[in-house]
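Got the viewer open? Here's a short tour of some backbone spots, stop by stop.

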Amino acid sequence: MTITPTPLKDCYIIQPQIFEDERGYFFESFNQRDFEEQTGIRVDFVQDNQSQSSKGVLRGLHFQKGAFAQAKLVRVVKGKVLDVCVDIRKGSPTFGQHFSVVLDDIEHKQLYIPRGFAHGFLVLENDTIFTYKCDNYYNSASESGIIFNDRTLNIDWGMPDSQLIISEKDQNLPLFDTLYM
Ligand SMILES: Cc1cn([C@H]2C[C@H](O)[C@@H](COP(=O)(O)OP(=O)(O)O[C@H]3O[C@@H](C)C(=O)[C@@H](O)[C@H]3O)O2)c(=O)[nH]c1=O
């Protein structure tokens with residue numbers, strides 16, 4: 001695997017080595033030793049999640065607060081998404097900045113998102129299957145988020161808001177600026 005830093009502190013792109021032959025392909029979707037050697041980060045994942053979505057679905061921006069903060073290793077098993085993460089760690093040199101990357105089932109690129117980030121993705125192909133590892137358990141009482149079209153963050157999702165399919169919960173998420181009031 002090749003791990004490259006993103007412009008956001010502690011956030012990395014992981015490109016697995018894909019082995020293709022007449023049967024199909026094989027790759028290591030996570031290798032803790034290689035990840036730690038290349039990033040210096042020791043992460044212990046405890047929960048794996050998977051979701052399926054239609055084109056135009058936007059999930060996010062989500063994070064869990066306090067002791068339930070989660071680092072995530074995200075990837076696409078089938079289809080394609082625009083994945084976005086935001087550094088919301090007060091005091092971080094990249095606080096308030098976001099990073100976007102296309103994840104798909106061709107390159108099999110992954111994104112490592114540290115604790116203290118908000119995360120969301122826009123689905124670019126029908127029947128996309130998205131999966132991710134988390135280093136902390138789901139805790140509904142700690143769920144929080146930021147509205148996807150927040151003016152301060154100014155994320156270019158590349159699709160008009162009117163074409164997006166968003167849960168009611170996500171349509172009512174707060175503004176970034178109100179998180180720190
Ligand atoms: C995230 C999660 C949800 N659920 C339940 C709660 C709810 O009834 C149902 C659907 O939850 P949601 O609508 O929050 O699912 P979704 O919008 O896909 O939430 C996910 O979005 C992306 C962007 C992330 O970064 C994830 O961490 C997670 O927040 O699944 C769990 O049981 N465990 C979990 O870990």
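Start by selecting histidine 108, in the loop that runs between strand 9 (98–104) and strand 10 (110–113). Check its backbone torsions: phi is positive, about 60 degrees, although histidine 108 is not a glycine. That's worth a click, given that most residues other than glycine have a negative phi. Is histidine 108 buried or partly exposed? It counts as partly exposed, because it has 18 C-beta neighbours inside 10 Å and the cut-off for buried is 20 or more.

Next, hop over to aspartate 10. You'll find it in the loop between strand 1 (2–5) and strand 2 (12–15). Here too the residue is not a glycine and phi is positive, near 70 degrees. Now pull up the surroundings of aspartate 10: there are 20 C-beta neighbours inside 10 Å, so this residue counts as buried.

For the third stop, select glycine 60 and leucine 61 together and look at the bond that joins them. Which kind of peptide bond is it, with omega about -5 degrees? It's cis. For context, most peptide bonds are trans. Leucine 61 is part of strand 6, which covers residues 58–64.

Before you close the session, colour by confidence. This is a predicted model, and the protein chain averages a pLDDT of 97, with 100% of the residues scoring at least 70. For the complex, the predictor gives an ipTM of 0.99 and a pTM of 0.98. As a habit for other models, remember that coordinates should not be read in detail where pLDDT is low.

Note on methods:
Residues are numbered from 1 along each chain as its sequence is written. This is a predicted model: local features need pLDDT of at least 70, side-chain atom pairs count only at pLDDT 80 or more; totals for chains, interfaces and linings use all residues. pLDDT is the predictor's confidence in each residue, from 0 to 100. Helices (H or I, at least four residues) and strands (E, at least two) are DSSP runs, numbered from the N terminus. A residue is buried if 20 or more other C-beta atoms lie within 10 Å of its own, exposed if 12 or fewer, and partly exposed in between; C-beta atoms are placed from the backbone.
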